[in-house]
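Here's a quick look at how one pair of helices packs together in this protein. Have the structure open as you read.

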Amino acid sequence: MTRGLSLRVIGGSWVALAFASGVTSAVLWLGSSRAWDRHLTQAYTAGFSVYEALRTGAHPGQDISITRLPFDAAALAEMGDFDRLPSAPVPAYTTNVSILINPSSPTERDVLSLGIVSDELVYPVSDIVVSSNPVPAEKLGNITRLMATYCSEPVLYARYANAPWKRVDGTAIWGCDAAPADMRVPAVIAAVVALAALLTHVGNTTASFDTFGHALRSRRRFGGPKSYDTEGPAELREIVEAVNSYLEAEREQLAKRAIVLSGVSHDLGTPATRLRLRTALIPDEELRGKLEADIDQMTGMIESVLTYTRSEISVEEPRPLSLTSLIDALVADYQDTGRPVSVHEPDPLVVESAGSLFMSRRGQSTVPDERRVLVTARPIALQRAISNLVDNALKYGRRAVVELQTDAETATIIVEDEGSDYSIEDVERLMAPFERGENTMNISGVGLGLTIVATVANQHGGMLRFETGAKGLRALLTIQRT
């Protein structure tokens, strides 16, 4: 298995990249903001120069030109038809502004009349004009600053008091081409992309751990591979290597245990056969029966231990099967031999129909239960587990009733006996290997039945538990459906 980068190296690299991305985005944002502030400040200052040029006739400064309108154009401007002027853009959106030159004087009502013609929009200058600021030059500066805020090519027409109409060209200051490049949106995009890349890598790294954990949890249930391989950081690969080593040692240990028990079973077969032959020669029937019972108990104990070991090894491959059919067939086998085992049929589903014009009473109908519960399981192991529960119910009670309950994720096989005197605590104690009840002299077995059932339940992602039923003790074997 190749070794990848460690989480420490990966985390440090991503932290450094995230820091660099954050610094770059901040520099772009702050630089763009400062450039825009300088651009708007320059446009604001240009408004003061334009006002003084209109008032005194002085030169407005660099990048600003003021020209007088011809007579016919001035007549159109006087009527407010700025959109009809030859130099007006097409389409033309006109913004009319009037600024009081000396609002504090009750006799002098001279105004600075402005006509702003744009091909993009009508400027929202009402808040600037009606503000409480008494300085008209500052108002004009705010207007030129407002024009610089929007990316357009406005044409400004102005008349100071009774002076002639003039055309003010300052697009080199407040026009669209004069605006600096706005890098705030790219800065945000760069930060978002860096964050998305970081979150994606973190998600992929955690997903590799989650995937391996899910595969390891489902190993006993679905018959996982002998070893695992994964893509991810070095720490995850080391964990996988350790798990593979543990699984290999566990397989070897179980295989050795099975070999030893199989050898013991095989080796005991010959002396057990000789004992049976010699027992058959004993004339005393009572003694012969006791010896044969001891031999049967000894061979049964060996077979039970082998069965438990095979269930631990999980050599059977899981496959899809109908749990309903498996239970029906198992119960039918018991019934064929005259054993009191039955299946609890669920209550029929009753559907109530609505009334009609011809019949006021509502009718009822029963929906036939043709459902089949499908699961992915080891059929032989699952059948052995259910059989052990049924056998225990018959040993400690008078009869066994099998019921199947399901939901979207699990299936629960319920086996209820009748007349058992054992409590839940007593039965849970019997789940330990080689633990038997108080009536061991009257009931056969070696105490591995419930242990095998609990092992099979664990292999299928479920559990074995007990509860008190209406007539006796209920054993609930829960397994995962998918």
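## How two helices meet

This is a predicted model. Among contacts in the protein between residues at least 6 apart in sequence, 67% join residues at least 24 apart. There are 13 helices and 14 strands in the protein, and 36% of its 482 residues count as buried.

Let's zoom in on two of those helices, α11 and α13.

| Helix | Residues | Residues in the contact |
|---|---|---|
| α11 | residues 379-396 | A381, L382, R384, A385, N388, L389 and N392 |
| α13 | residues 449-459 | G449, L450, I452, V453 and V456 |

So how do they sit against each other? Their axes come within 9 Å and cross at roughly 140°. An angle over 145 degrees would count as roughly antiparallel, and α11 and α13 are therefore oblique to each other. The crossing of α11 past α13 is left-handed. Sort the residues of this contact by type and you get eight nonpolar, three polar and one charged.

Now for α11 on its own. With 18 residues, α11 reaches 26 Å from its first C-alpha to its last, close to the 26 Å expected at 1.5 Å a residue. Which of its residues are buried? The list is P379, A381, L382, A385, I386, S387, N388, L389, V390, N392, A393 and L394.

One bit of helix geometry helps when you look at the contact: an α-helix has 3.6 residues a turn, so residues three or four places apart point the same way. On α11, A381, L382, A385, N388, L389 and N392 are among the contact residues, and A381, L382, A385, N388, L389 and N392 are also buried.

Notes. Residues numbered from 1 in each chain as written. Predicted model: local features only at pLDDT ≥ 70, side-chain atom pairs only at ≥ 80, totals over all residues. Heavy atoms only, no water. Axes fitted to C-alpha atoms, helices over the stretch in contact; angles between N-to-C directions. Helix = DSSP H or I, 4+ residues; strand = E, 2+ residues; numbered from the N terminus. Parallel < 35°, antiparallel > 145°, perpendicular 65-115°, else oblique. Left-handed = near helix turned anticlockwise from the far one by under 90°. Contact = heavy atoms within 4.5 Å. Nonpolar A, V, L, I, M, F, W, Y, C, P; charged D, E, K, R; others polar. Expected span 1.5 Å × (residues − 1). Buried < 20%, exposed > 50% of the residue type's maximum accessible area, 1.4 Å probe, protein only.
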